[in-house]
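Colleague: I'm new to reading models like this one. Please pick a single part, look at it closely, and then walk me outward from there.

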Amino acid sequence: MTEDLDALNEYLQSQAEKMLPPWNELPDIELYMDQLTGLVNRYLGNNTKDRMLTPAMVNNYVKMKVMPAPVKKKYGRVHLVYLLLICILKQIMPLSSVEAVLRSGLEQAEPERFYENVRRLYAASFQEAAGIAETMIGQGEMLHKMTLALALKAHAEQALAQGLLEL
């Protein structure tokens, strides 16, 4: 039981420390498609085939105008930011909503400022979720109850976010 608890605590600690790379650590050179998708997958920890970003997905996002088109088949730092956010947000909202959030955010702030704000929110969200689970462990809650509590919280937050977009 102690080993299971140690593994759980180690997992929660790794999640609490999860963050996106700072703007100044994103490549400031133009990338080809394979470099771009590889980098996004590495940054997000996408190591399972069903979660990986593929070139076909990138092409679809460009065709659907969820993100800007490449320049001479090369992608810059802003494209990388779009793809990181698309991959994160599409898990919880339709692409049309993702596009609206990105468009609105980038209209109100320069890409670097917008991205750094997203980075802070991303890290804080993981810290909060891990903190909830750690509190529940301290109260002696079972893993299935923690999983259910976090899933229901995620559902409520997704519903609220979608509702805000419809206002």
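Modeller: Let's start at Met-146, which counts as buried because its relative accessibility is 4% (buried means under 20% relative accessible area, exposed over 50%, partly exposed in between, with a 1.4 Å probe and protein chains only). Before going on: this is a predicted model, where local features need pLDDT of at least 70 and side-chain atom pairs count only at pLDDT 80 or more, while totals for chains, interfaces and linings use all residues. Residues are numbered from 1 along each chain as its sequence is written, and side-chain values use heavy atoms, with hydrogens and water left out.

You'll find Met-146 in helix 7 (helices are DSSP runs of H or I with at least four residues, numbered from the N terminus). Leaving aside residues up to four places away in sequence, Met-146 touches Leu-8, Ala-133, Met-136, Ile-137 and Glu-141; contact here means heavy atoms within 4.5 Å. Thr-135 sits 11 residues from Met-146 along the chain, and their C-alpha atoms are 9.6 Å apart.

Now for the cores. A nonpolar core is a set of buried Ala, Val, Leu, Ile, Met, Phe, Trp, Tyr and Cys residues joined through side-chain atoms within 4.5 Å. The largest one has 34 residues, and Val-40, Val-58, Met-67, Leu-80, Leu-83 and Ile-86 touch the most other members. Helices 2 (33–44), 3 (55–63), 4, 5 and 6 each bring at least two residues to this core, with helix 4 giving the largest share, 9 residues. Our Met-146 isn't part of that one: it belongs to another core of 5 residues lying apart from it, whose members include Leu-12, Ala-133 and Met-136.

Back in the largest core, try Leu-80: not counting residues up to four places away in sequence, Leu-80 touches Leu-26, Pro-27, Leu-36, Leu-39, Val-40 and Tyr-43. Several of those names come back in helix 2, where Met-33, Leu-36, Thr-37, Leu-39, Val-40, Asn-41, Tyr-43 and Leu-44 are buried. The buried residues of helix 2 pack against helix 3, helix 4 and helix 6. Just after helix 2, Gly-45 takes a positive phi of about 70°.

Want a contrast with Met-146? Go to the loop between helix 3 and helix 4, where Lys-72 lies. Lys-72 is exposed, at a relative accessible area of 76%, and has a positive phi near 55° despite not being glycine. Lys-73 is in the loop between helix 3 and helix 4 too. Lys-73 isn't a glycine either, yet its phi is positive, about 65°, and at 67% relative accessible area Lys-73 is exposed.

Last stop, the empty space. The largest pocket holds about 1,900 Å³. Its lining has 46 residues, and Ile-88, Ile-92, Tyr-122, Ser-125 and Phe-126 are the closest to its centre. On a 1 Å grid over the protein atoms alone, a pocket is an open set of points where a 1.4 Å probe fits, with protein on both sides within 12 Å along at least five of seven lines, and lining residues have an atom within 4 Å of a point. Helix 1 (2–16), helix 4 (77–89), helix 5 (95–108), helix 6 (111–138) and helix 7 (143–166), where Met-146 lies, each supply at least two lining residues. Helix 6 gives the most, 12 residues.

Terms used: Points joined across faces, edges and corners; volume = space filled by probe spheres on them.
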